[in-house]
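Here are a few friendly notes to read alongside the model. Take them one at a time and find each spot in the viewer as you go.

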Amino acid sequence: MKQYDAIERYSDGSAYVKRNGKYGYLNAEGEETIPCLYDHLETITLHTDLLRVEVDGKVGVFDKSGREVIACRYEEMDPYPYGEDLPIRVRLHGRYGFISKQGEVLIQPLYEKASVLANDKAVVQSGGKWGLIDRTGKLLIPFEHDAVSIREACGAYGHCFKFVRCVDVGYNVSTDEYECLRCGQSELRLDYHWSQD
């Protein structure tokens, strides 16, 4: 077996290893399936067959056989979401976008800031203004607002609604979308109340 500075073994015989300040991974047979090249390496919660790696400020994902799942090219990558088909928010060249768990780019990294994708929608910023996109990148609310927020609330008769509110600084301006989370019925209201504060 190769010489390592540190070995952290697990019950299945696999191990995280460290050599010359870099981390790698040994499978249960003692094979170095991920070489000691990475500044950080950790198992992904709820996806214990996958490892998140980091090198030179870039993150990616490997499986424990050493296969690259997501290229180690992103400056930032959110933890894997719980839902199987939920996209992962990433940052590349200072811009945010979304990828699948298999590394496929779903929404190009075009945005200055972005919320996580929840209920198939994300609040994103472009040109210093905020808007709303769906999971395909389609623009639902244009980049015209100083703030956009999404929240959920429950009302009478068991109906729960999702509210999307846009606000412009200096004015009481609102754009509200109400969607029943139980039956899926939705209504988009564009209610602009212009009154300088």
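1. Let's begin with a pair of strands, keeping in mind that this is a predicted model. Strand β11, residues 95–99, pairs with β12 in the antiparallel sense, and 3 bridges join them. One bridge to look for links Y96 to its partner Y111 in β12.

2. Now step back to the sheet around that pair. Its 4 strands run in the order β9-β10-β11-β12, the sheet is open, and the pairing is antiparallel. The edges are β9 (76–77) and β12 (105–111); each has a single partner strand, so one side of each has no neighbour in the sheet.

3. Next, please look at the largest nonpolar core, which holds 13 residues. The members that touch the most others are V61, I70, Y74, M77, Y80, I88 and I99. At least two residues of this core come from each of β7 (58–63), β8 (68–74) and β10 (88–92). As background, nonpolar side chains tend to be buried together in soluble globular proteins.

4. I70 deserves a closer look. Which residues is I70 in contact with, leaving aside neighbours within four places in sequence? They are G60, V61, M77, Y80, I88, I99, S100, K101, Q102 and G103.

5. Finally, find the largest pocket, with about 160 Å³ of space. It is lined by 11 residues, and T43, I44, T45, P79 and Y80 are the closest to its centre. Strand β5 (residues 40–44) gives the largest share of the lining, 3 residues. By type, the lining has 6 nonpolar, 2 polar and 3 charged residues.

Methods
Residues are numbered from 1 along each chain as its sequence is written. This is a predicted model: local features need pLDDT of at least 70, side-chain atom pairs count only at pLDDT 80 or more; totals for chains, interfaces and linings use all residues. Side-chain values use heavy atoms; hydrogens and water are left out. On a 1 Å grid over the protein atoms alone, a cavity is a set of points where a 1.4 Å probe fits but cannot get out, and a pocket is an open set with protein on both sides within 12 Å along at least five of seven lines; lining residues have an atom within 4 Å of a point. Grid points are joined across faces, edges and corners, and a volume is the space filled by probe spheres set on the points. Ala, Val, Leu, Ile, Met, Phe, Trp, Tyr, Cys and Pro count as nonpolar, Asp, Glu, Lys and Arg as charged, and the others, Gly among them, as polar. Two strands pair if DSSP finds at least two bridges between them. A nonpolar core is a set of buried Ala, Val, Leu, Ile, Met, Phe, Trp, Tyr and Cys residues joined through side-chain atoms within 4.5 Å. Buried means under 20% relative accessible area, exposed over 50%, partly exposed in between (1.4 Å probe, protein chains only). Contact means heavy atoms within 4.5 Å.
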